[in-house]
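Here's a quick tour of a protein model, written for someone who likes to know the cut-offs behind the words. Have the structure open while you read.

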Amino acid sequence: MANAMLARGALGPAAARGLLLEGTRALRPQRRVGDRRELAARASEGCGANDPAARSAYVHLPFCRRKCFYCDFPVVALGEGATELRAQEPEIYGRYVSTLLREMEHYGGGGKLRTVFFGGGTPSLIPPRHLERVLGRLDDAFGIDWGNAEISMECDPGTFDLQRLVEYRSLGVNRVSVGVQSFDGRLLELCGRSHGEGDVLRALDDVRAAGFDSWSLDLMFGLPHQTAESWAETLEMAVAADPDHVSCYDLQLEDSTPFARWYTEGEGPLPSEPLAADLFRMASRELQGAGYSHYEISNYAREGHECRHNLAYWRDDPFYAFGVGATSSLHGRRVARPKKLSRYEQWVEGEGRKVGFPPPDWSGALMREDEDERLLDLIMLSLRLKSGLRVKGLNERFGRAGRDVERRVLAAVEGHAAEGLVSVSEGGHAIRLTDPEGLLLSNSVISDIFVALDDDEDGE
């Protein structure tokens, strides 16, 4: 895959999950920072465990039938027996959900939730009665704006039928994201997916029949032995399925996965870097031609069907997160939960009790470091979006001690604008990456901005 491509988030196919933001630091100049764990431990016991500005919650449900060869998510593989919808329910479901509910006990108050996202793993393995328990606790703790909230759930083909989808919908789930990945059975097998072509077609029929307000179809490109012809066929079938939303994720070779051991980026049987870039261009061209807006680097939607939960991530809004491996962003700091189930259970009974509390008054040096990180996050996340980054106002928010952030950002993209990779609005009030070429080289553009801001630090 082209290293310059940011076609996936930090952690893979569910690009916008609570875990996503951990990976943004890979692009940043490295600095020494204080021990955030120590700061978190000093959080005030007298404050409510909520962030009044947070209106979104991510819930990680880690169970799946087997772990795909590219996957580095925190998952618990239960085996193929978990696909039998009427089989005896694994006891671990109830135990895990009970741990989730204990974690949520430490939170409460604030504004009502406007988005809830169940990611995994394969959330559609979870029986509806357990999902009802989680939604009930979220409603008790925060309130859910039931009339307007987007409640999304990831579902994998072969793990649900129409009856189960109707039950999920009756609980309030109004948006599902179907992890198709490919319509090519050979590619599905090479990736270690546990579903086949027949499962995909049945799943799409059931999703359409269930009557959700909105549904998304997830695809992957850059897969081993994938060709331009097979990707074109997948895109054609995706458009024919008529989803409201399509996600196209570029395969990333994550450390500790079988794919990372077997393959090297840009070398066969993976597509070459030029071919991977062409696959990205094909998706942009074909999906926009079919009426989908390319509103985020990996995501396309019909008007009004953008994923509101994902937009909360990309706009750097605060959000709650619960479950093994999930990362929350509250009170201007992020906290990642342990990725091992046993350690997560221990964490909930210990450190997890303080995560929701506001941070203490930090020293000037630490507060400054935190401000810099928020700026870098805002830049990287905003440039994933079609709307881009609003430059006007950055000095007011981040221009401490007379630092001219706006000038530095605009100077950093001058060369890229001349190359047609960046579009700068009249007056320099906003910038955005062009589609598709600017998006393809987003890492280069963002890195140059980061370096310009870091040079500004060194010069002070």
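Let's start with strand 1, which is joined to strand 11 (residues 320-322) by 3 bridges, the two running parallel. Within that pairing, Y58 has A321 in strand 11 as its bridge partner. Strand 1 also pairs with strand 4 (residues 115-120), again in the parallel sense, over 6 bridges, and there H60 sits opposite G119. Strands here are DSSP runs of E with at least two residues, helices are runs of H or I with at least four, and both are numbered from the N terminus. Two strands pair if DSSP finds at least two bridges between them.

Strand 1 covers residues 56-61, and 6 of its 6 residues are buried. Buried means under 20% relative accessible area, exposed means over 50%, and partly exposed is in between, with a 1.4 Å probe and protein chains only. Both faces are covered: S56, Y58 and H60 point to one side, A57, V59 and L61 to the other.

A word on provenance: this is a predicted model, so local features need pLDDT of at least 70 and side-chain atom pairs count only at pLDDT 80 or more, while totals for chains, interfaces and linings use all residues. Residues are numbered from 1 along each chain as its sequence is written, and side-chain values use heavy atoms, with hydrogens and water left out.

How confident is the predictor? The mean pLDDT (confidence in each residue, from 0 to 100) is 84, and 82% of the residues reach 70 or more. Residues 1-48 stay under 50, and the model has 148 contacts for them beyond four places in sequence; a contact means heavy atoms within 4.5 Å. Residues 361-369 are also below 50, with 13 contacts beyond near neighbours in sequence.

Overall, the protein has 17 helices and 16 strands. Of its 460 residues, 58% are buried. Among contacts with a separation of 6 or more, 75% link residues 24 or more positions apart. For one pair distant in sequence, take W314 and L383: they are 69 residues apart along the chain, with their C-alpha atoms 8.8 Å apart. W314 lies in helix 10 (residues 308-314), and it counts as buried because its relative accessibility is 0%.

Now to an open sheet of 3 strands in the order 14-16-15, with antiparallel pairing. Strand 14 (389-390) and strand 15 (422-424) are at the edges with a single partner strand each, so one side of each has no neighbour in the sheet. Strand 16 (residues 430-433) is joined to strand 15 by 3 bridges and to strand 14 by 2 bridges. Here are some bridge partners:

| Residue | Partner in strand 16 |
|---|---|
| R390 | A430 |
| S423 | R432 |
| V424 | I431 |

Strand 15 and strand 16 form a hairpin with 5 residues between them, and G427 in the turn has a positive phi of about 85°. On strand 16, I431 and L433 make up the covered face, while A430 and R432 are on the uncovered one.

Last, a helix pair. Helix 4 (residues 162-171) packs against helix 6 (residues 197-210) at an angle of about 40°, their axes 9 Å apart. L162, L165 and R169 in helix 4 meet D206, V207, A209 and A210 in helix 6.

Notes:
pLDDT = per-residue confidence, 0-100. Axes fitted to C-alpha atoms, helices over the stretch in contact; angles between N-to-C directions.
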